[in-house]
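User: I'm new to this one and would like a close look at a single part. Could you pick out a pair of packed helices and walk me through it?

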Amino acid sequence: MRSFSLHTVGKGSDDSGLDQPGSEYKFFGYQYSFRISYFKMMHFLLLFSRQGKLRLQKWFLPLPERERKKIVKDMTTMVLARKPRTCNFLHWKDLKVVYKRYASLYFCCALEDQDNELMALETLHRYVELLDKYFGNVCELDIIFNFEKAYFILDEFLMGGEIQETSKQSVARSIEASDMLQETMEEYMSKPAF
Amino acid sequence: MPAPIRLRELIRTIRTARTQAEEREMIQKECAAIRSSFREEDNTYRCRNVAKLLYMHMLGYPAHFGQLECLKLIASQKFTDKRIGYLGAMLLLDERQDVHLLMTNCIKNDLNHSTQYVQGLSLCTLGCMGSSEMCRDLAGEVEKLLKTSNSYLRKKAALCAVHVIRKVPELMEMFLPATKNLLSEKNHGVLHTSVVLLTEMCERSPDMLSHFRKLVPQLVRILKNLIMSGYSPEHDVSGISDPFLQVRILRLLRILGKGDDDSSEAMNDILAQVATNTETSKNVGNAILYETVLTIMDIKSESGLRVLAINILGRFLLNNDKNIRYVALTSLLKTVQTDHNAVQRHRSTIVDCLKDLDVSIKRRAMELSFALVNGNNIRGMMKELLYFLDSCDPDFKADCASGIFLAAEKYAPSKRWHIDTIMRVLTTAGSYVRDDSVPNLIQLITNSVEMHAYTVQRLYKALLDDISQQPLVQVASWCIGEYGDLLVSGQCEEEEPIQVSEDEVLDVLEGLLVSNLSTPVTRAYSLTAIMKLSTRFSSVNRIKKVVSIYGSSIDVELQQRAVEYNALFKKYDHMRPALLERMPIMEKTASNGPTDIVQTNGETDSTILDTKHLPNITQPASQANDLLDLLGGNDVVPVIQTTVPTKPASAGGELLDLLGDLSLTGGPTPTPAPSVPMSQPSFLLDGLTSQPLFNDIAAVIPPMTAYNKNGLKIEFTFERSNPNPNIAVITIHATNSSEADMTEFVFQAAVPKTFQLQLLSPSSNVVPALNQGSVTQVIRVLNPQKQQLRMRIKLTYTHKGSPVQDLAEVNNFPPQSWQ
């Protein structure tokens with residue numbers, strides 16, 4: 001049973017040029033996922049601070065830049081407005097938003113209606129554990145200064161919104177090996193990385 | 001040229017900025033440096049520059065000029081370059097930019113690289129943002145990697161294949177051979193991704209689904225091993241072995257078992273085992289239980305198992321963890337239709353959740369409570385719900401009030417209880433009830449003939465207390481206008497009659513007219529009420545005075561009414577008593593066009609006119625009702641009651657306006673009711689037997705074909721939306737008779753400005769070939785002005801590899817859909 005959230009459609013997609021000039025018609029499509037199929041997966045994963053600053057964004061669907069910015073803004077506003085001791089799930093458009101706060105960072109992801117929210121919490125937790133294992137007592141600063149590594153770790157854990165490896169050690173080993181490869185290359189080139 | 005600053009240094013510098021303007025300045029300076037570095041084609045520092053650009057992009061600054069640089073990095077031989085290049089591609093590029101296609105060759109090469117981590121990078125990028133063209137080109141490579149023995153690559157290839165299938169469903173067949181022994185893997189990563197791949201294939205194709213049903217025993221075995229196996233450090237989460245894999249297998253089992261008896265039977269045992277053995281002290285155990293419950297409810301499980309599932313949900317409701325309570329309420333809401341009795345057993349827990357502090361939980365609990373209300377528990381439930389209405393947030397009040405009204409209508413144990421409940425809602429949440437509640441309630445009140453005195457008394461008392469809640473005031477003034485004589489004569493049986501004089505009543509009504517709190521609609525109600533009292537009260541002069549004052553009111557509506565009422569006093573005084581007589585009982589009708597009967601013959605408020613669209617729940621017993629029955633089904637015959645004269649036309653044009661359009665729906669001109677049954681006996685008998693009585697909620701709007709071209713056919717089916725009759729709910733069914741699937745199918749619609757449109761999500765975006773399935777999507781059209789519905793639709797899809805776009809006008813809507 002899909003929940004019919006009565007969000008008003010308002011305008012049609014801005015960048016699609018669907019308005020017939022000079023006519024009285026304005027086209028409406030199913031907003032938000034107007035080019036996307038009906039996937040059963042995670043749509044995006046965001047990390048942001050308590051002040052609403054974005055620290056990581058992973059999108060599993062192609063969306064225009066403008067829409068991404070809007071979604072980030074909506075998510076941060078909604079999640080930051082939540083009172084403490086409320087449940088970790090929200091409804092937004094027709095997606096489920098699962099969020100969890102770890103120290104000063106909010107981890108937030110959006111799922112399809114059919115997905116298992118409790119498991120999504122476990123997924124977010126697993127990602128935090130992986131970050132913790134890599135950085136050793138990870139904190140927000142680690143992710144700010146090493147954001148590319150946070151992405152690399154995420155890309156070893158999730159792909160296309162699905163989990164690719166369920167073993168913590170396995171992910172850690174892959175990252176370690178990749179880092180070694182990077183350093184080896186750098187030593188060979190005798191130039192600093194970045 | 002000095003080396004560009006390092007990434008971490010840049011981050012540190014930017015973080016020292018104290019204002020937005022300062023940050024912007026730093027960024028602009030750095031961007032300029034990066035741009036000139038790019039122009040110089042500096043290979044050494046390209047990586048560093050792109051990394052910095054990605055950081056600035058995350059802060060919200062434009063970074064499109066780095067797109068090509070990412071491609072250069074990907075093409076480089078250095079692993080560091082590739083790593084940052086692919087990351088940049090995933091962040092800055094997507095299928096909308098033409099430039100992304102340039103990546104295809106690089107990815108192809110990297111898919112065959114000697115280093116598995118490079119292969120991994122390219123698989124990951126393709127699997128995250130590959131466009132359909134890229135997927136088409138590279139599917140072969142992915143398929144090859146799916147068969148490799150390297151588990152690191154195999155698991156990535158599986159998820160990449162999932163993405164390819166999502167983008168280009170026709171390629172699904174190609175991956176079928178490679179799936180042969182995916183499940184015999186020992187590596188959990190490969191197992192997990194394989195299950196995801198199989199799930200995706202089964203969801204997209206019924207053929208695949210039947211093909212993979214034979215895997216059920218194997219899946220059951222794997223799941224069993226996971227549960228029974230001892231502690232495995234690598235995959236353990238709080239004592240449970242690889243919960244992620246368990247959940248995915250459960251989901252796949254759900255899809256395979258749905259609708260299939262044999263498969264469902266094969267998984268019964270393992271589901272029972274998981275349900276009873278899983279440790280529930282932590283979230284992870286509950287997550288698995290939750291998935292199990294969802295699976296049990298979806299497949300053809302035996303009843304014992306279903307009861308077990310609902311009991312698990314019941315236990316969840318008592319859990320301290322809010323998330324689990326929330327999840328339980330959501331699932332129970334889904335199952336309450338099918339397993340109503342089982343859910344009823346947990347009613348008291350659910351009702352307790354109404355008092356929870358969490359807003360999401362309260363909302364779910366409210367919805368579920370309404371679903372559980374029935375004739376047996378109505379009194380108890382209503383007490384709880386009314387208490388909830390008192391104390392809940394304003395956002396809930398409208399929904400709660402509507403829910404209470406509906407429930408009360410369905411299951412009211414007595415009329416008095418019903419009226420009391422309505423009164424309670426109006427007085428506690430009176431300003432939040434929906435606009436259409438007012439006519440609904442008025443109609444309800446007229447039907448409870450014996451309660452008229454009691455009702456008007458209570459409403460009068462409520463008005464004395466508080467005149468700010470408009471719906472309450474409107475209902476009250478209507479009732480006082482209608483039953484004012486009962487009020488002053490002190491006839492109430494149900495409770496102690498109050499002593500009130502005509503002047504006091506008129507004081508109250510006049511007070512409404514002048515009060516700042518009253519809306520224009522409310523003022524109109526009170527003016528008409530005052531007018532009606534002229535035939536019920538003796539103090540006619542006072543009423544005449546009031547009416548004449550408002551003849552010069554600034555409010556046009558009030559002015560018109562006053563002028564017309566004045567005319568009634570002066571020129572048509574002989575008609576007045578008859579016109580302002582007691583209203584007949586109003587019928588509730590089905591909400592579809594041709595069976596609508598115009599009810600009103602006294603009020604001009606537009607809200608009353610909407611009563612004709614109410615869904616019928618109860619059949620008020622009255623002789624007027626019998627007459628209506630006899631009038632039968634599809635003719636648009638205005639209801640004229642025996643007691644009211646039916647030829648106001650002779651009284652002058654303005655009186656027709658006053659009384660509302662008796663021939664609103666354009667049916668045959670009004671004829672006195674008694675003559676109708678006499679004149680067409682055979683038709684009426686036919687009406688009784690062959691057609692549904694208009695009281696039934698029969699969907700009589702025929703479906704229509706909106707579009708039929710190039711093999712794509714789109715049909716519209718209709719329903720009226722209850723409770724708002726101005727919303728038409730259209731479901732589109734798109735079918736495809738050609739030989740190839742239509743993918744990326746998007747339906748868009750445009751309507752003229754007087755309408756409003758809302759599209760809900762489509763069932764999928766692939767219209768399968770040869771009419772093997774359809775895509776459905778729901779459209780809601782709001783048509784407050786009841787204009788003729790016109791629509792322009794735009795269809796885009798990909799057919800046989802090429803994009804197709806078409807525009808069409810849809811003008812053949814059946815009149816019932818917009819009248």
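Analyst: Here's a walk through one helix pair, with a bit of context around it.

Keep in mind that this is a predicted model. For the complex, the predictor gives an ipTM of 0.81 and a pTM of 0.69. Chain B, where our helices sit, has a mean pLDDT of 82, and 85% of its residues reach 70 or more. One stretch to treat with care is residues 590-699 of chain B, where pLDDT stays under 50. Where pLDDT is low, the predicted coordinates shouldn't be read in detail.

Now the pair itself. In chain B, helix α20 covers residues 359-372 and helix α21 covers residues 378-391. Their axes lie 11 Å apart, and the two helices pack at an angle of about 150 degrees. An angle over 145 degrees counts as roughly antiparallel, so that's how α20(B) and α21(B) run relative to each other. The crossing of α20(B) past α21(B) is left-handed.

Who does the touching? From α20(B), it's Lys362(B), Met366(B), Ser369(B), Phe370(B) and Leu372(B). From α21(B), Met381(B), Leu385(B) and Phe388(B) take part. Sort the residues in this contact by class and you get six nonpolar, one polar and one charged.

If you'd like another spot in chain B to look at afterwards, try strands β9 (residues 791-799) and β10 (residues 802-810), which pair in the antiparallel sense over nine bridges. Met791(B) has Val810(B) in β10(B) as its bridge partner. Together β9(B) and β10(B) make a hairpin with two residues between them, and Lys800(B) in the turn has a positive phi of about 50 degrees.

Methods
Residues are numbered from 1 along each chain as its sequence is written. Chains are lettered from A and ligands numbered from 1 in the order in which they are written. This is a predicted model: local features need pLDDT of at least 70, side-chain atom pairs count only at pLDDT 80 or more; totals for chains, interfaces and linings use all residues. Side-chain values use heavy atoms; hydrogens and water are left out. pLDDT is the predictor's confidence in each residue, from 0 to 100. Contact means heavy atoms within 4.5 Å. Axes are lines fitted to C-alpha atoms, for helices over the stretch in contact, and angles run from 0 to 180 degrees between N-to-C directions. Helices (H or I, at least four residues) and strands (E, at least two) are DSSP runs, numbered from the N terminus. Angles under 35 degrees count as roughly parallel, over 145 as roughly antiparallel, 65 to 115 as roughly perpendicular and the rest as oblique. A crossing is left-handed if the near helix is turned anticlockwise from the far one by less than a right angle, and right-handed if clockwise. Ala, Val, Leu, Ile, Met, Phe, Trp, Tyr, Cys and Pro count as nonpolar, Asp, Glu, Lys and Arg as charged, and the others, Gly among them, as polar. Two strands pair if DSSP finds at least two bridges between them.
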